Amino acid sequence: MRSHIALLRLLAAALIAVGGEYFKLYNVSYDHRAIIIDGHPRMLISRGIHYPRATPQMWPDLISKSKEGGAESADVIQTYIFWSVHELVKEMYYFKGRYDLVKFVKLVGSNRIYLHLRIGPYVCAEWNFGSHPIPIFFGSSIF
């Protein structure tokens, strides 16, 4: 679990570094009927994009199609953090190519879409061990 906290700190530091160009702070609350963003009730429509399942060259088109989907256009892109691809060796992190989570998050933000980042560590049964990092189960290195 400590390695997950370290990974989140790395991600937060990278996102803070981009500053206000991509991100804005919002006052978010809720009542019995709706989520409230900056004092306005909102119904958010989310679409999922799993960044490791596409190449970075595909991301702009996928985000654009999600945003411009007609009557059901997305306000939110949701994605998991796929721990098993970011931490192949305990406390050593990998964020290149299709695993460049920071690049993906910046791209979503630059399109003025909210991001629902599902930090896990469990992703789904389709990924080995639910995308828990291998070191959790087998020690300090991949077998």
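Okay, let me start with one word: a residue counts as buried when its relative accessible area is under 20%, and as exposed when that value is over 50%, with partly exposed in between. Hold on to that, because strand E5 is where we put it to use: five of its five residues are buried under that cut-off.

Before I go on, one caution. What you're looking at is a predicted model.

So, the overview. There are five helices and six strands in the chain. If you walk along from the N terminus, the elements come in the order α-β-β-β-β-α-β-α-α-β-α. The chain has 143 residues, and 34% of them count as buried. Its accessible surface is about 9100 Å², with 56% of that belonging to carbon and sulfur atoms. And take the contacts between residues at least 6 apart in sequence: 71% of those join residues at least 24 apart.

Now to the sheet. Which strands make it up, and in what order? It's an open sheet of three strands, E4-E5-E6, and the pairing is parallel. Strand E4, residues 46–48, and strand E6, residues 114–118, are the edge strands, each pairing on one side only. From one strand to the next the twist averages 30°. Packed on this sheet you'll find helix H4, residues 101–110, which touches E5 and E6. The direction of H4 makes about 150° with that of E6.

Let's go through the pairings. E5 covers residues 76–80, and three bridges join E4 to it. On that side, Ser-46 is opposite Val-76 of E5, and Arg-47 is opposite Ile-77 of E5. Over on the other pairing, E5 and E6 are joined by five bridges, again running parallel. One to look for there is Gln-78, whose bridge partner in E6 is His-116.

Back to E5 and the burial, as promised. In a regular strand, side chains alternate between the two faces of the sheet. How does that look in E5, with its faces covered or open? Both are covered. Val-76, Gln-78 and Tyr-80 are on one side, Ile-77 and Thr-79 are on the other, and all of them are buried.

Next, charges. Side chains of opposite charge can pair when their charged atoms come close. How many salt bridges does a search of the whole structure find? Two.

One is between Asp-75 and Arg-42, at 3.1 Å, N to O. Asp-75 lies in the loop between helix H2, residues 59–67, and E5, while Arg-42 lies in strand E3, residues 40–42, so this pair ties together parts that are 33 residues apart in sequence. Asp-75 counts as partly exposed, at 21% relative accessibility, and Arg-42 is partly exposed too, at 28%. If you like cut-offs, Asp-75 misses being buried because 21% is not under 20%.

The other salt bridge is between Asp-61 and Lys-65, at 3.0 Å, N to O. These two are four residues apart within helix H2, which means about one helical turn separates them. Asp-61 is partly exposed, with a relative accessible area of 41%, whereas Lys-65 counts as exposed, at 53%.

Let's go out to the surface. Leu-88, Val-89 and Met-92 form a nonpolar patch there, and together they have about 250 Å² of accessible area. Met-92 is in the loop between helix H3, residues 83–86, and H4. With a relative accessible area of 54%, Met-92 is exposed.

Last stop, the backbone. Which residues other than glycine have a positive phi? I have two to show you. Asp-38 has a phi near 50°, and its place is the loop between strand E2, residues 35–37, and E3. Asp-38 is partly exposed, at 35% relative accessible area. Then there's Arg-112, with a positive phi of about 55°. Arg-112 is in the loop between H4 and E6, and with a relative accessible area of 79% this residue is exposed.

To wrap up, if you open the model yourself, start at E5: both of its faces are covered, E4 is joined to it by three bridges, and E6 by five. Then look for the salt bridge between Asp-75 and Arg-42. Thanks, everyone.

Definitions and conventions. Residues numbered from 1 in each chain as written. Predicted model: local features only at pLDDT ≥ 70, side-chain atom pairs only at ≥ 80, totals over all residues. Heavy atoms only, no water. Pairing = 2+ DSSP bridges. Axes fitted to C-alpha atoms, helices over the stretch in contact; angles between N-to-C directions. Contact = heavy atoms within 4.5 Å. Patch = residues over 30% accessible without salt bridge, like charges linked within 9 Å, V, L, I, M, F, W, Y side chains within 5 Å. Areas by Shrake-Rupley, 256 points an atom, 1.4 Å probe, with all protein chains shown as cover. Salt bridge = Lys/Arg side-chain N within 4 Å of Asp/Glu carboxyl O. Buried < 20%, exposed > 50% of the residue type's maximum accessible area, 1.4 Å probe, protein only.
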